[in-house]
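Colleague: Got a minute to go through this one with me?

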Amino acid sequence: MAVSQPKLEKEGDDCSLLPLVHDIIKCMDKDSQDVHQELTKLKAKIQEAREQISNMPGIDSSPSEQQQQLATLREQVRTKNQLLQKYKSMCMFDVPKAS
């Protein structure tokens with residue numbers, strides 16, 4: 001039950017809005033005409049973030065479904081760890097010593 005994680009189009013893509021807000025404030029301080037251009041960049045960045053959020057795996061599941069899925073996965077990990085410890089203690093996997 002492995003869920004593949006979709007790769008982002010751009011590795012290391014920055015989702016920070018703070019630099020854009022800072023640029024807008026600087027333009028407003030200088031009474032620059034670039035304010036509209038900077039606002040358009042901010043709107044585009046917000047829209048991009050919304051699209052990324054809507055494409056996230058599990059976003060269509062309710063919080064209770066996600067909690068149930070998490071509990072199931074944790075139980076699977078616990079069971080597999082117990083089996084691994086059991087098999088390790090059986091000493092069936094003797095490693096030959098290098099001479």
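Modeller: Sure, we'll take the helix packing and then the cavity.

This is a predicted model, where local features need pLDDT of at least 70, side-chain atom pairs count only at pLDDT 80 or more, and totals for chains, interfaces and linings use all residues. Residues are numbered from 1 along each chain as its sequence is written, and side-chain values use heavy atoms, with hydrogens and water left out.

Colleague: How are α1 and α2 oriented, roughly parallel or roughly antiparallel?

Modeller: Helix α1 covers residues 18-29 and helix α2 residues 35-54, with axes 9 Å apart. Their packing angle is about 165°. Angles over 145 degrees count as roughly antiparallel, so α1 against α2 is roughly antiparallel.

Colleague: Which residues of α2 make the contact with α1?

Modeller: Contact here means heavy atoms within 4.5 Å. On the α1 side we get Leu20, Val21, Asp23, Ile24, Cys27 and Met28. From α2 come Val35, Glu38, Leu39, Lys41, Leu42 and Lys45.

Colleague: And which residues line the largest cavity?

Modeller: A cavity is a set of points on a 1 Å grid where a 1.4 Å probe fits but cannot get out, and lining residues have an atom within 4 Å of a point. The largest has a volume of about 30 Å³. Its lining is Cys15, Leu17, Lys45, Glu48, Ala49 and Gln52.

Key
Axes fitted to C-alpha atoms, helices over the stretch in contact; angles between N-to-C directions. Helix = DSSP H or I, 4+ residues; strand = E, 2+ residues; numbered from the N terminus. Parallel < 35°, antiparallel > 145°, perpendicular 65-115°, else oblique. 1 Å grid on protein atoms, 1.4 Å probe; cavity = no way out; pocket = protein on both sides within 12 Å on 5 of 7 lines; lining within 4 Å. Points joined across faces, edges and corners; volume = space filled by probe spheres on them.
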